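Here's a quick briefing to go with the model on your screen. Have a look around it, then read on for the parts worth a click.

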Amino acid sequence: MKIHEYQAKELFDRFEVPIPRGSVAFSVDEAVKVAESLGKFPVVIKAQIHAGGRGKGGGVKLANSIEEVKQVADEILGMTLVTHQTGPEGKVVRKILVEEGLDIDKELYLSIIPDRSTAKVVIMASEAGGMDIEEVAAKTPEKIIKVWVDPGFGIQPYHAREVAFRLNVGPELVKQFAVIIPRLYRLFFDYDCSLVEINPLIITKDKKLIALDAKINFDDNALYRHKDILEYRDLDEEDPLEVEASKYNLNYIRLDGNIGNMVNGAGLAMATMDVIKRAGGEPANFLDVGGGASAEMVENGFRIILSDEKVKAVLINIFGGILRCDVLAKGVVEANKKVEVKVPVVIRMEGTNVEEGRRILQESGLNLIVARDIKDAAEKISSIVKE
Ligand code: GDP
Ligand code: MN
């Protein structure tokens, strides 16, 4: 799960990681109130969306008077912000963060993520922080420092000092790093984060280390033990079809192609996407209805796939094990009664009660294209969308 910068900064504050003074605002009036309470200019106004690259996209601006605060807040609130992370359609800005403007001496990069290949936690840092970190990572990876922490032993003071020494920051700042990095690590660990990132982590002109930006992602599978984090969820920022699917416990992820997929089991879903690609097609989604799906879940899955207007054809690929083929067939028939199916549907099923399933589909009078096997299914569906 992703959260907003202002929420991530609330957590930083709770763990005593220094952040600029400021507050979230949902309207121009609120933004003015926050700016007045800060008591000096410039203030920074930052669009709050679940995507980075806001600075370059025009979503981070300075204001030097209350008049300017009004003007900038009005401009950013409601704008469709397009950044390299939002896709070309962009995201509508519904809230802004209003903060004190700080005098920046240097912009650093700092993040903490799990490193699967070593089964450790890795702290990454760079002197070349700021808005071009992706380019630094791609072109000059040697400028990214990595320090690994064994999660069994936890973070030790030398980890933080090593990061600071290698960033060439001087003794006064080494002390601040030695305090802040363990706090960030504790936040990362206690909340089952999959990412804690500060870009930029700034050194101010008066030599203070402050998190100017804040990004935190959480492991969804651990959210059940962090009810306070669940309250940060912002459905406006999520794909509406993914939100709908999550209501029915469907494992649904929207993709860029035009072939809708309904599959049971994550492994079969991955394999199905592979064969579609191999046959020259592009999947519009990943949907695993689950091993033990009911007719109702199949129906909901089918409805969700069909409500994606990019979908030009649907492939149903089911291996009937726990989910029997007759149950699947009933779900498909029910879904067809409730929603108008305007696109071709190719179906391949195998397994328990497959004969019964085929009979139900045949007698339903639905216009389905039956495939012999998975390869045949992928070829049929890919040639349909190419026509
Ligand atoms: P992002 O582009 O979405 O990652 O948004 P950031 O929060 O990182 O802001 C982008 C850039 O705006 C930063 O790299 C800074 O250069 C600049 N910026 C943000 N806050 C301040 C501030 O208080 N003072 C100054 N001078 N620049 C700021
Ligand atoms: Mn940033």
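What follows covers a metal site, two pockets and some strand pairing.

Keep in mind that this is a predicted model. A manganese ion (ligand 2) is held by Asn-199 and Asp-213, and both of those residues turn up again among the ones closest to the centre of the second largest pocket. The largest pocket comes to about 1400 Å³, and the second largest to about 1000 Å³.

**Metal site**

- The manganese ion (ligand 2) gets its coordination from the O atom of Asn-199 and an OD atom of Asp-213, at 2.1 Å.
- Asn-199 sits in strand E10 (residues 193–204), while Asp-213 is in the loop between strand E11 (209–211) and strand E12 (215–218), so the pair ties together parts that are 14 residues apart in sequence.
- Both Asn-199 and Asp-213 are buried.

**Second largest pocket**

- This pocket holds about 1000 Å³ of space, and 49 residues line it.
- Closest to its centre are Arg-54, Met-131, Asn-199, Pro-200 and Asp-213.
- Several elements each supply at least two lining residues, among them strand E2 (43–47), helix H3 (54–57), strand E3 (60–63), helix H5 (133–139), E10 and E12.
- E7 gives the largest share of this lining, with 5 residues.
- Sorted by class, the lining has 23 nonpolar, 13 polar and 13 charged residues.
- Domain 1 (1–19 + 103–238) and domain 2 (21–101) each give at least three residues to the lining of the second largest pocket.

**Largest pocket**

- The largest pocket has a volume of about 1400 Å³.
- It is lined by 33 residues, and those closest to its centre are Glu-237, Glu-238, Asp-239, Glu-242 and Val-243.
- Strand E5 (91–92), helix H9 (240–247) and strand E13 (251–254) are the elements that give two or more residues to this lining.
- The lining of the largest pocket splits into 11 nonpolar, 8 polar and 14 charged residues.

**Strands E7, E8 and E9**

- In strand E8 (residues 120–126), 6 of the 7 residues are buried, so E8 is largely enclosed by the rest of the structure.
- On one pairing, E8 runs antiparallel to strand E7 (residues 104–115), with 7 bridges joining the two.
- Asp-115 faces Lys-120 of E8 across this pairing.
- E7 and E8 make a hairpin with 4 residues between them, and Ala-119 in the turn has a positive phi of about 55°.
- E8 also pairs with strand E9 (residues 144–149), again antiparallel, over 6 bridges.
- Here the bridge partner of Ser-126 is Ile-144 in E9.

**Strands E1, E2 and E6**

- Strand E6 is mostly covered, with 5 of its 5 residues buried.
- E6 (96–100) is also one of the elements that supply at least two residues to the lining of the second largest pocket.
- Strand E1 (residues 22–25) pairs with E6 in the antiparallel sense over 4 bridges.
- Within that pairing, Ser-23 has Val-98 of E6 as its bridge partner.
- E2 is antiparallel to E6 too, and 5 bridges link E2 and E6.
- To find the E2 pairing on screen, look for Val-43, which stands opposite Glu-100 in E6.

How values were computed
Residues numbered from 1 in each chain as written. Chains lettered and ligands numbered in written order. Predicted model: local features only at pLDDT ≥ 70, side-chain atom pairs only at ≥ 80, totals over all residues. Heavy atoms only, no water. Donors = N, O, S within 2.8 Å, 3.2 Å for Na, K, Ca; no water. Buried < 20%, exposed > 50% of the residue type's maximum accessible area, 1.4 Å probe, protein only. Pairing = 2+ DSSP bridges. 1 Å grid on protein atoms, 1.4 Å probe; cavity = no way out; pocket = protein on both sides within 12 Å on 5 of 7 lines; lining within 4 Å. Points joined across faces, edges and corners; volume = space filled by probe spheres on them. Nonpolar A, V, L, I, M, F, W, Y, C, P; charged D, E, K, R; others polar. Domains from an automatic or database assignment.
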